[in-house]
Structures are given as C-alpha cells and as structure tokens.
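Please read the following account with the coordinates open beside it. It deals with how the chains are related and with what lies between them.

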Amino acid sequence: MKLILAVVQDKDSNRLTDALGEENFKTTKLSTTGGFLKEGNTTLMIGCEDKYVDEALEIIRDNCSQREQMVAPISPMGGNADSYIPRPINVEVGGATVFVVPVDSFFQF
Amino acid sequence: MKLILAVVQDKDSNRLTDALGEENFKTTKLSTTGGFLKEGNTTLMIGCEDKYVDEALEIIRDNCSQREQMVAPISPMGGNADSYIPRPINVEVGGATVFVVPVDSFFQF
Amino acid sequence: MKLILAVVQDKDSNRLTDALGEENFKTTKLSTTGGFLKEGNTTLMIGCEDKYVDEALEIIRDNCSQREQMVAPISPMGGNADSYIPRPINVEVGGATVFVVPVDSFFQF
Ligand code: NI
Ligand code: NI
Ligand code: NI
C-alpha cells in the first residue's frame, strides 16, 4: 500500500480526479497554496496498492504535465488599437510534484 | 512514531477530535473534499507513538464507522399532500479511510 | 528523499516559507486548524533530499520556536480608566510540530 501525494495546478485537478476515478482510484483533495508550483494548486491524496502505483503516476503525467499554452495577451489599457496587434504568446502551465509515501497499514471503517 | 491520516465525514470530525483529545491524542485538521468518502470530508493528522496506534484506530472506528441513519425525505415540491406520506428512509453515513504512515523522526520546537 | 510535514502558527508561516525559499526549499501550504498548536495553524509540506533535512529543520526551529511575547492587554470594557493601568503581559506564541516521513519515490512531470 502506498499513499501518493500529488501537488497539481487547480486547473488540472478536476480532469485528473475524473481520470483517476475512471480507473477506480479514490482521491481526496486538500486545498493548498504556493510553493512547488505557481499559485493556485491542489494536493491530491491517492491511496493505492503497490502494483497500481505506476498506473496512477501515468494518469497524473498524462493529465498534468507541464506544457505550453497559447494565450491572447490583454491589450494595453488606452493603447492605440491601430498600432498594436496582440499576438498569442506561449505560457507554461500544468506540472505535478509527486511523492510516493509508504503506508504501514490501511483501514476502512 | 506514526502519522495517522484519517479521512472522515465532516459531521463526525468534531466528535472524533474531541474523543481523541480526551485520550491525549493531538490532531490537526486539514480541509478536504471528495473522493474517498462522499462530499464534505475532513482529513485529520494524528501523530502518535507506535504503541498507541491501536487505541487511536479504535477511537476512529468507534466514532466514524459507516452506519445507517433514518432521515425524513423532503416532500416533493408542489406534490399532493393528501396522496403523499413521506416515510423516513435509511441512508448510509460516516465511514473512515485511514492510512498509518511511518515517521522517521519527530520534533517539537 | 523525505517529506517534512511542519505544523506551525499562521503568524509564523509566511516568514518560514520565505526563509525556506531563500535556501531553495520548495513548500506547499495546507490550510489546517486546531490540535497540535492553538487555533490558526498551517501545515507546510517540504520535500527535500535526505542530506538537507537538518538544514530545513534548523530553519523551522529558527523561525517558529515557541517563545514569549509581550502584549498589551485590552482594557476591560466600561472599566474605570483611573484605577486600571494595563501592563503588558507575556504570552507564549509560535511553536512547531514536525514529522519527517520517508518517501519511496519522487516525480516531477
Ligand atoms: Ni487501467
Ligand atoms: Ni485510553
Ligand atoms: Ni543553506
């Protein structure tokens, strides 16, 4: 038995929880802020048998990897619309920091 | 030394914290949602010496076990009161998911 | 690799996070209440290599140790101002409860 603690971005956490749930992983969401990732992150606790750890990690990687995303920058306030053509820029989003912790014993009451 | 992580329903968490406190267990409450249990759960962190783990588990089981509870269903909106007699129904409440994690070292500053 | 779980007072948590960040420790903050310390505490998760655990603990001790602080008591409502001279009193603030937990494996995606 292992306890997987995954710190992910808020924007990825629902998709990740759904994807884990489809494979019958149970998750508990802890509200967290700052640090490992930029502001607005969530820590998921996932309890699973040793033999399923790799599958859980694969699901986390598939749903939360750091990646680039095109965003349209906000036009500068009061800028001259004729001379300013906003171009989408790449920003890095996502990312996951994952700790796999041993579990001595596990109970459900 | 062990760290016990117990995910319990919100409605059971105060009673559990009190019961643990009466036996001198110190708890820290983490706000959590979803997953292991239905919505509205709480994760308690309980640090304790190895020899007290069984007592802590017993207190968790006594205060949080899954159980049936009679609830009066809400009358349907706009229903015909004469033809509808609400009966109390059984719902399952409570339940605890508990991980006992080894602790390498413990400090109080 | 270790996961350090430090329960500290809210008032110390920003200073601690800054001090840890200056030494390149990454932290995630969990909102927590009650128990190990008086109301209003925060749990920090700090992942670090084994060889840096002592440095992290030293930073926690330096920034969160229990200590006395002089506070001016509030004058009693409706008290006779002439007969009541408030004196600063000592209260205990701070304190940290720290668990160092082994980590089987660690990933960043
Ligand atoms: Ni599968
Ligand atoms: Ni006892
Ligand atoms: Ni240093």
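The paragraphs below take up the conventions, then the symmetry, and then each contact of chain A in turn.

This is a predicted model, in which local features need pLDDT of at least 70 and side-chain atom pairs count only at pLDDT 80 or more, while totals for chains, interfaces and linings use all residues. Residues are numbered from 1 along each chain as its sequence is written, chains are lettered from A and ligands numbered from 1 in the order in which they are written, and side-chain values use heavy atoms, with hydrogens and water left out.

Two copies of a chain are related by a rotation about an axis and a shift along it. Here chain A is superposed on chain B by a rotation of 120° with 0.0 Å of shift along its axis, at an RMSD of 0.1 Å, where the fit is by least squares on the C-alpha atoms of residues with pLDDT of at least 70 in both copies. That is the relation of a three-fold axis. The copies use different surfaces, since 20% of the contact residues of chain A recur in chain B, contact meaning heavy atoms within 4.5 Å. A rotation of 120° with 0.0 Å of shift also superposes chain A on chain C, with an RMSD of 0.1 Å, and in that case 16% of the contact residues of chain A recur in chain C.

Turning to the contact with chain B, 20 residues come from chain A and 25 residues from chain B. The area buried between chain A and chain B is about 1,800 Å², of which carbon and sulfur atoms give 66%; buried area is the accessible area (1.4 Å probe) that two parts lose on being put together, summed over both. In chain A, Asp104(A), Phe107(A) and Phe109(A) lose the most area to chain B, together 37% of what that side buries. Asp104(A) also forms a salt bridge with Lys2(B), with the closest N and O atoms 2.5 Å apart, a salt bridge being a side-chain nitrogen of Lys or Arg within 4 Å of a carboxyl oxygen of Asp or Glu. Across this interface of chain A and chain B the rule finds one salt bridge. Strand E7(A) pairs with strand E6 (residues 96-102) of chain B in the antiparallel sense over four bridges, strands being DSSP runs of at least two residues, and helices DSSP runs (H or I) of at least four, numbered from the N terminus, and pairing requiring at least two DSSP bridges between two strands. Within E6(B), Phe99(B) is the bridge partner of Phe106(A).

On the other side, 25 residues of chain A are in contact with 20 residues of chain C. Chain A and chain C bury about 1,800 Å² between them, 66% of it on carbon and sulfur atoms. Across their interface the rule finds one salt bridge, which joins Asp104(C) to Lys2(A), the closest N and O atoms being 2.4 Å apart. The elements that give two or more residues to the side of chain A that touches chain C are strand E1 (2-9), E2, E3, helix H2 (53-64) and E6 of chain A, and E6(A) gives the largest share, seven residues. E6(A) also pairs in the antiparallel sense with strand E7 (residues 105-108) of chain C, over four bridges, and Gln108(C) in E7(C) is the bridge partner of Thr97(A).
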